[in-house]
Amino acid sequence: MFKEFVILFSLFVLTDALGGVVGSKQTVTVVGKLVCNGQPSKDVRIKLFEDGTIYDTKMDSVKTTADGTFKVMGSQRKIRKIDPKINIYHRCNHSGLCPKKVTIHVPKNAVGKGPKDAQVFDIGVLNLANRYPGEGTDCIH
């Protein structure tokens, strides 16, 4: 049983690794505006990840501008369709040691097959004062 698991796991890792060389280039862009109690949230960290089965791969990282807007872009070469997400690390209405983390999964239809087919996923205006499903804190990001 253990031997079969090791073989299956090795094949999965090899396929995932080859995806970076063999697969098609896929792109994603996420834009939005973050506010806290109606005021623009400046210098909030946003990271774009490819949500992997074993580990997440960071594709981009930005901070919001003075008006609370942001744009993260990334691409990866994979055999299967990428599963992007953004993590937002903020301190809106939060005074704890570690910032709050909100994760937003990007829909599959927002993933483009190359730069000419790139889609833009607009999350709109997000009020960080609200509570979101799965929200927690993250000291190591």
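Lysine 47 sits in strand 3 of this predicted model, and it makes a good place to start. This lysine is buried but takes part in no salt bridge. Its nearest oppositely charged side chain is that of aspartate 138, 7.4 Å away; a salt bridge here would need a nitrogen and a carboxyl oxygen within 4 Å. Leaving aside residues up to four places away in sequence, lysine 47 touches Lys58, Asp60, Ser61, Lys85, Ile86, Asn87, Tyr89 and His141.

Let's widen the view to the sheet. Strand 3 belongs to an open sheet of five strands, ordered 4-3-6-7-9 with antiparallel pairing. At the edges are strand 4 (57-63) and strand 9 (136-137), each of which pairs on one side only. Strands of a sheet pair through backbone hydrogen bonds, either parallel or antiparallel. Strand 3 (residues 45-50) and strand 6 (residues 84-90) run antiparallel and are joined by six bridges. If you would like one pair to look up, arginine 45 has tyrosine 89 of strand 6 as its bridge partner.

Other charged residues do find partners, and the whole structure holds four salt bridges. In one of them, glutamate 50 meets lysine 78 with N to O at 3.3 Å. Glutamate 50 is part of strand 3 and lysine 78 part of strand 5, so this pair ties together parts 28 residues apart in sequence. Both glutamate 50 and lysine 78 are buried.

Lysine 85 is also worth a look. The side chains of aspartate 51 and lysine 85 form a salt bridge at 3.8 Å, N to O. Since aspartate 51 lies in the loop between strand 3 and strand 4 while lysine 85 lies in strand 6, the pair ties together parts that are 34 residues apart in sequence. Lysine 85 counts as buried because its relative accessible area is 10%. Lysine 85 also forms a salt bridge with aspartate 56, where the closest N and O atoms are 2.9 Å apart. Aspartate 56 is in the loop between strand 3 and strand 4, so this second pair links parts 29 residues apart in sequence. With 33% relative accessibility, aspartate 56 is partly exposed. Asp51, Asp56 and Lys85 are thus linked in a network of salt bridges.

Now for the nonpolar side. In soluble globular proteins, nonpolar side chains tend to be buried together. The largest nonpolar core has 24 residues, and Val30, Leu34, Ile46, Phe70, Ile86, Ile88 and Ile123 touch the most other members. Strand 1, strand 3, strand 4, strand 5 (69-78), strand 6, strand 7 and strand 8 (120-127) each supply at least two residues of this core. Strand 1 gives the largest share, four residues. Not counting residues up to four places away in sequence, valine 30 touches Leu48, Phe70, Lys71, Val72, Ile86, Val106, Phe121 and Ile123.

Finally, there are two disulfides. One joins cysteine 36 to cysteine 92, with S to S at 2.0 Å, and it is right-handed with 85° about the S-S bond. Cysteine 36 lies in strand 1 (residues 24-36) and cysteine 92 in the loop between strand 6 and strand 7 (100-105), so the pair ties together parts 56 residues apart in sequence. Cysteine 36, at 17% relative accessibility, counts as buried, and so does cysteine 92 at 6%.

The other disulfide joins cysteine 98 to cysteine 139, with S to S at 1.4 Å. Its torsion of about 75° about the S-S bond makes it right-handed. Cysteine 98 is buried at 11% relative accessibility, whereas cysteine 139 is exposed at 53%.

Methods: Residues numbered from 1 in each chain as written. Predicted model: local features only at pLDDT ≥ 70, side-chain atom pairs only at ≥ 80, totals over all residues. Heavy atoms only, no water. Pairing = 2+ DSSP bridges. Disulfide = S-S within 2.5 Å. Buried < 20%, exposed > 50% of the residue type's maximum accessible area, 1.4 Å probe, protein only. Core = buried A, V, L, I, M, F, W, Y, C linked by side-chain atoms within 4.5 Å. Contact = heavy atoms within 4.5 Å. Lys, Arg positive; Asp, Glu negative; His and termini not counted.
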